[in-house]
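Here is a short tour of how two chains sit together and how two helices pack within one of them. Please keep the viewer open as you read.

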Number of protein chains: 2
Amino acid sequence: MTPPAGDLGLRERKKRARTDAIVDAAQRLVLERGLDAVTVEEIAEAAQISPRTFFNYFESKDDAVLGQGSFELSAETREAFAAGGPTGRLVADLEVLVRSLLAAFAGPGKHQGEQVMEILQLEPRLLGRHFAWFERHKTQVVALFERRHEAAPLPADPEMCAMVVFVVTRAAMDDWARTGHEGDVGDHVPHVVGQLAAVLTS
Amino acid sequence: MTPPAGDLGLRERKKRARTDAIVDAAQRLVLERGLDAVTVEEIAEAAQISPRTFFNYFESKDDAVLGQGSFELSAETREAFAAGGPTGRLVADLEVLVRSLLAAFAGPGKHQGEQVMEILQLEPRLLGRHFAWFERHKTQVVALFERRHEAAPLPADPEMCAMVVFVVTRAAMDDWARTGHEGDVGDHVPHVVGQLAAVLTS
DNA sequence: CAGGAAATTGCACCTGGTGCAATATTGCAG
DNA sequence: CTGCAATATTGCACCAGGTGCAATTTCCTG
């Protein structure tokens, strides 16, 4: 028996390779021709699988294009936040949270991240998916705030806090795009937080 | 020639009647059976039109269910806001704007409004459409803020202001739903504005 | 009432997406 | 290495949403 620690077996490796191949093909084709001009059949062909298999990996074409799935906060980030950290000031910790979210959304590689952002800008329809994603994970985010509430009381309902997370995420992406992809997306977080606060307390 | 002032001619009247019939049928059926269990064919049949004609009135099934289209701010509201009114305090005027938006979304009749909200709660997928709607109209909202900026300088980019409009609208709907549909949706606006501000300035 | 504009409709067609059953691949115990 | 069970891939038939086009009907206007 060789139960490989770091290795994951042929099956698992193939699965990952296929997933990557699908996302790569989807993003490349969509960037080349636009979302509506690319069919699932073509993506499947480019990824060397059957169209039917495509749907074993992703629930929809849109999900594949966004590479949705790699998209969660690390345990440390979550625990630290729930415990009232990392700084103890809510708004600062929120910024950290959003930055992690943006990084997770962008994906592991820098390049991949920019590509997703570029696609999102090119195909606003997909932003609807982003919203849907948020809806799906909303309960988790709310739960996170509920836990933090016990460590350090919140100034608002957990649901409202979750909405803030969402809007800041979205606004940061917007701001980043509007300024011509200047620097890292996360670096725009403080600015948008300031602006949103300014509007709401005007 | 009888260019009827108040009247609109048979053609126009029929068009409106049909639109209403479609929305009514769509909402009734969806409330009865759920979004996925209702086909366009059935809605068309209930509205006594052919399936093809359905798509002359609405771009998608979802649009029909939400009755999207009746969904714009009145000229007065817009002009007043652009001119720096109605109160002169940005956040207060924002609240007025959002209330108008919520009212427009709800539709003319009270009953219709609650129905839409009920459907939105029952079928979260449609919230994605709400987001899409916002994306489509975002430029208009941004333009509104740009105009206001000349009358009374804004504390943030027009785009950020538009994001605030969106998040407040959404948060108010949420809050209203969470408190068991208490009173009018619009009455929740001040509360959520306060909460969001509290989080962002914590 | 005639003729033109606008709306309705039928029809053929494409794409996204699912269920099901057959087949192929992988993992594993002997 | 071999055979068997688990798992993945695939083909196939099918449904629903949505569009383009051309024929037909309905409304308006002179």
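The report below turns to the symmetry, then the interface, then a helix pair.

**Symmetry.** Keep in mind that this is a predicted model. A turn of 180° with a shift of 0.1 Å along the axis lays chain B on chain A, with an RMSD of 0.3 Å. That is the relation of a two-fold axis. The same surface serves both copies, as 100% of the contact residues of chain B recur in chain A. If you would like a landmark for the rotation axis, look for Gly128(B): of the residues of chain B, its C-alpha comes closest, at 2.6 Å.

**Interface.** Chain B brings 32 residues to the contact and chain A brings 33 residues. On the side of chain B that touches chain A, the elements giving two or more residues are the helices H6, H8, H9 and H10 of chain B. H9(B) gives the most, with 10 residues. By class, that side of chain B holds 21 nonpolar, 4 polar and 7 charged residues.

| Helix of chain B | Residues |
|---|---|
| H6(B) | 90–106 |
| H8(B) | 125–151 |
| H9(B) | 158–178 |
| H10(B) | 189–200 |

**A helix pair in chain A.** The axes of H5(A), residues 75–82, and H8(A), residues 125–151, come within 7 Å and cross at roughly 40°. The two helices are therefore oblique to each other. H5(A) makes the contact through Arg78(A), Phe81(A) and Ala82(A), while H8(A) uses Leu144(A), Arg147(A), Arg148(A) and Ala151(A). This contact of H5(A) with H8(A) has 4 nonpolar and 3 charged residues, and no polar ones.

Note on methods:
Residues numbered from 1 in each chain as written. Chains lettered and ligands numbered in written order. Predicted model: local features only at pLDDT ≥ 70, side-chain atom pairs only at ≥ 80, totals over all residues. Least-squares fit on C-alpha atoms with pLDDT ≥ 70 in both. Contact = placed C-beta atoms within 7 Å. Axes fitted to C-alpha atoms, helices over the stretch in contact; angles between N-to-C directions. Helix = DSSP H or I, 4+ residues; strand = E, 2+ residues; numbered from the N terminus. Parallel < 35°, antiparallel > 145°, perpendicular 65-115°, else oblique. Nonpolar A, V, L, I, M, F, W, Y, C, P; charged D, E, K, R; others polar.
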